[in-house]
Amino acid sequence: RPGLVHNRAKIRSHRDNAQAFLVVEEEFGGFETYLRQMMGGRPRRNLFVKADEVPTQTSESILLSQDLVRRGFRFVGPTICYSFMQSVGLVQDHLLGCFRDEELAITAPG
């Protein structure tokens, strides 16, 4: 059917990733702790002016991807990891001048 994932490896990866997630949570006391450690303890705010400056992956997302794969995660490439890092607030890529950039800069710790 349309809209369903037909790749069996991707379907199995959900189970495998869930199991790996639980192991990481146990080892680090939480997945957030693990992620913050990977980012050196604090989120990064980038200072981009134009959309074409925003990368699709970074050295941090490559390292995160490699570590997740080493821990048994699957389908976690550097681009997916960078998108994830943006969505959970580990990286703030709102362009300078964007109203969200200004709001987030005001509320950022430190």
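**Reading the aromatic rings of a predicted model**

In this predicted model, residues 24 or more positions apart account for 63% of the contacts in the protein chain with a separation of 6 or more.

Reader: Before I look at any side chain, which helices and strands should I expect, and in what pattern along the sequence?

Author: The secondary structure of the protein chain comes to five helices and two strands, and, read along the sequence, these elements follow the pattern α-α-β-α-α-β-α.

Reader: How many aromatic pairs does a search of the whole structure find, and what makes a pair tilted?

Author: Two rings pair if their centres lie within 6.5 Å, and planes that are neither under 30 degrees nor over 60 degrees apart count as tilted. The search of the whole structure finds four aromatic pairs. One of them joins Phe21 and Phe31, a tilted pair with 4.7 Å from centre to centre and 35 degrees between the planes. This pair links distant parts of the chain, since Phe21 belongs to helix H1 (residues 8-28) and Phe31 to helix H2 (residues 31-38), 10 residues apart.

Reader: Are Phe21 and Phe31 buried or exposed?

Author: Buried means under 20% relative accessible area, so Phe31, at 12%, counts as buried, whereas Phe21, at 29%, is partly exposed.

Reader: Why is the pair of Phe31 and Tyr34 called tilted?

Author: Their planes stand at 40 degrees, with the ring centres 5.5 Å apart, and therefore the pair is tilted. Phe31 and Tyr34 are three residues apart in helix H2, which means that about one helical turn separates them. Tyr34 counts as buried, at 1% relative accessibility.

Reader: Which residues form the aromatic cluster?

Author: One aromatic cluster is formed by Phe21, Phe28, Phe31, Tyr34 and Phe73.

Key:
Residues are numbered from 1 along each chain as its sequence is written. This is a predicted model: local features need pLDDT of at least 70, side-chain atom pairs count only at pLDDT 80 or more; totals for chains, interfaces and linings use all residues. Side-chain values use heavy atoms; hydrogens and water are left out. Helices (H or I, at least four residues) and strands (E, at least two) are DSSP runs, numbered from the N terminus. Contact means heavy atoms within 4.5 Å. Rings of Phe, Tyr and Trp (its six-membered ring) pair if their centres lie within 6.5 Å; planes under 30 degrees apart count as stacked, over 60 as edge-to-face and the rest as tilted. Buried means under 20% relative accessible area, exposed over 50%, partly exposed in between (1.4 Å probe, protein chains only).
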